[in-house]
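Please follow this explanation with the sequence and the model side by side. It moves from one helix to a group of strands and then to the chain as a whole.

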Amino acid sequence: MKHFENILYVIERSVSQQAGLARAVSLAENNQARLTLIEVIPEDMLNRSLAPKGPSADELRDAVMAERRTWIESLIAPHADRVDCQVDVLVGITFIEVIRAVLRDGHDLVIKTAEDPEWSRLLFGSDDMHLMRKCPCPVWLMKPDDKPNYQRIVAAVDVDVLRTVPDEQVLNDGILDLASSLALSDFAELHLVHAWDAPTAGFVGMWSNDPDTTERHIIEGEHSRHQVAMHRMTFRLSERIGEEAYEYLSPRVHLPMGSARKQIPQLVEKLKADLVVMGTVARTGIPGFIIGNTAESVISQLQCSVLALKPPGFVSPVTLQ
């Protein structure tokens, strides 16, 4: 398993914590990592609790935070012999305080159970999406009823077949490293997906005397270039994890033709995948890279857990001030 040193688990009070907390404890134990449990109490929740003749705002804040800390400590108590854990309770907006904790304390992974809003079929709520967009370290959002061991893991990557882009390569390698290490630890299938397209093929009728043949040759050539790019990526993966581990995993490579926002969710649903590992934001201007609206469109269609990574050099818009 990829080595994490400082894991932050975020309490999501609206759903069960059992599956997410069990995964966080297991990960911390296997990595010999520090584990911090954090809950963020909304400011307006405290304000609504104030009565005209009741306790002062400071007294109420202290009482609520003490009660929540005691409850969180009761959650982690069954695992006390497995991992040392710190508990923290903060007041504010969840995603902002979580990101500030990452910046302040150097966490290298955030784990959180998805909000799962009842009014929508979408798995991920507002704080979840903000974390995936803005948190500088990897964010692992889990389904409330997540399995203790995954059966199928999908790693979604993208490449520029015409040139080597260092930031893109580092991000893709990070996605594959995390996905493969999780697949090894869970004895899960590993599926690699890269959606590609041949946009020029649709215009051959404007200049070709034999548009059908020309279009087929363009599509075949484009497909071949993407196959070669994926082969290079998987070869680098085998070098990093070792030939024996790579042969054990035997990753299945999928190269669907079409837009990522359509092809990736369809493949994930077809495979009944438990986890998708993918990049969410890139600021490198890479043509065709999974960025911004494309990534959010993919994520909004998923009904499985997501592990989201940022590219090298990503700077969160959230600050400590």
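**A helix with a buried side**

In helix α3, the buried residues (under 20% relative accessible area with a 1.4 Å probe, protein chains only) are Leu60, Arg68, Ile72 and Ile76. Because they cover an arc of only 135° around the axis, taken from the directions from the helix axis to the C-beta atoms, they lie on the same side of α3. The face turned away from that buried side carries Asp62 and Thr70, which are exposed (over 50%).

This is a predicted model, in which local features need pLDDT of at least 70 and side-chain atom pairs count only at pLDDT 80 or more, while totals for chains, interfaces and linings use all residues. Residues are numbered from 1 along each chain as its sequence is written, and side-chain values use heavy atoms, leaving out hydrogens and water.

**Strands in parallel**

Strand β7 (residues 189–193) is largely enclosed by the rest of the structure, because four of its five residues are buried. Strands, which are DSSP runs of E with at least two residues, numbered from the N terminus, pair if DSSP finds at least two bridges between them. Strand β6 (residues 152–156) pairs with β7 in the parallel sense over five bridges, and Arg152 stands opposite Glu189 in β7. The pairing of β7 with strand β8 (residues 252–254) is also parallel, over three bridges, with Arg252 in β8 as the bridge partner of His191.

**The whole chain**

Of the 321 residues in the chain, 50% are buried. Among contacts (heavy atoms within 4.5 Å) between residues at least 6 apart in sequence, 80% join residues at least 24 apart.
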